[in-house]
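User: Could you take me through part of this structure?
Analyst: Certainly; here it is.
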Amino acid sequence: MTASTTPLPVPDGFGAVSRAPGLPPGFTETFTGRYVDTGDVRLHAVVGGEGPPLLLLAGWPQTWYAWRLVMPGLARNFRVIAVDPRGVGLSDKPRDGYDTGTLARDMAALMTALGHDRFAMAGHDVGMWIAYAVAADHPERVARLAVAEAAIPGLSPSPPLFGDRQANDRLWHFGFNRLGELNEQLVRGREHLYFSHQFESKAVQKFPADVVRYYVDHLASDADALRASFAFYRALDLTAAQNEQRRKRRLTLPVLAIAGAANSGGLVAATMRLAGDDVDSLIIPECGHYPAEEAPDAVLTALIRFLAPYRDGADE
């Protein structure tokens, strides 16, 4: 399938920049939303800033909006592209293609369509799964990789079935999200109960009520949004098998592993050291699973420092 030459509409409605609550001052003067036809799916991206390209991938159950607090600072140094992968936000929600091999191809095609042959990436949670796949499957495209707050199926050791209570509270959604249909039947109409619990239980610095409502209202907006939110987990068998092959080709690019001290701690760096040879670690105190929203200043400072050689052309 080739990219269409038909002009795409301007993103509007729920999920668009124009409808997002609580954006930093001047955000919409720097960033605009756009659709990008990759030839396979139509993706929604929020783009702004000047400099070398930086692709941002949020985690489950979030959208591009998860990066809003660090995007203005990054835009002073980089051309920032915060994208909704397939199944998320205003992007297309096909029935399949949620393994990280397909998602990585989507990201490579997105950046090609935007005119960027080489770029840096930052990915959180499921976005970390995708970012790792892009760096492993398309190593010539990615200059530097920052990742946050995830283990990687097929790379990290699987947690025990009978783990401690704290681990169960953090990880029980993996098994639930992989169910074929029952999860949708149980969550539909109770989206606020299920998804708000994820934010409440994993964040140390609690989210404002309107932010949680923004995320949850998207997931409750239509059946496809809810289905697609589980699709990343339903594809885990294939993703894990792909990662077992990827780990045979070690990453050589610089990697920054970011974690909240109250959630993943040293796990993120330990995970990436299973895959890469040049891994630095940042563990943020008094922070849970959502560093870019719980500790945006620390994340922004760390990203700018880590990406400075890329910005200055030293990674060429």
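Analyst: The discussion below covers one strand with its neighbours, and then one helix. This is a predicted model, in which local features need pLDDT of at least 70, side-chain atom pairs count only at pLDDT 80 or more, and totals for chains, interfaces and linings use all residues. Residues are numbered from 1 along each chain as its sequence is written, and side-chain values use heavy atoms, with hydrogens and water left out.

User: How many residues of strand 7 are buried?
Analyst: In strand 7 (residues 255-260), 6 of 6 residues are buried. Buried means under 20% relative accessible area with a 1.4 Å probe, protein chains only; strands are DSSP runs of E, at least two residues, and helices are runs of H or I, at least four, numbered from the N terminus.

User: And which way do they point?
Analyst: Val-255, Ala-257 and Ala-259 point one way, and Leu-256, Ile-258 and Gly-260 the other.

User: Which strand is joined to strand 7 by 6 bridges?
Analyst: That is strand 8 (residues 279-284), which runs parallel to strand 7; pairing requires at least two DSSP bridges. Ala-259 has Ile-283 of strand 8 as its bridge partner. Strand 6 (residues 142-148) also pairs with strand 7 in the parallel sense, over 4 bridges, and there Val-147 stands opposite Ala-257.

User: Changing topic: why is helix 9 described as largely enclosed?
Analyst: Because 9 of its 12 residues are buried, helix 9 is largely enclosed by the rest of the structure. Among the buried residues are Arg-227, Phe-230 and Tyr-233.

User: What caps its N-terminal end?
Analyst: Asp-222 does, with a side-chain oxygen 2.8 Å from the backbone nitrogen of Asp-224.

How values were computed
Buried < 20%, exposed > 50% of the residue type's maximum accessible area, 1.4 Å probe, protein only. Polar contact = N/O pair within 3.5 Å; in protein donor to acceptor, adjacent residues only side chain to side chain.
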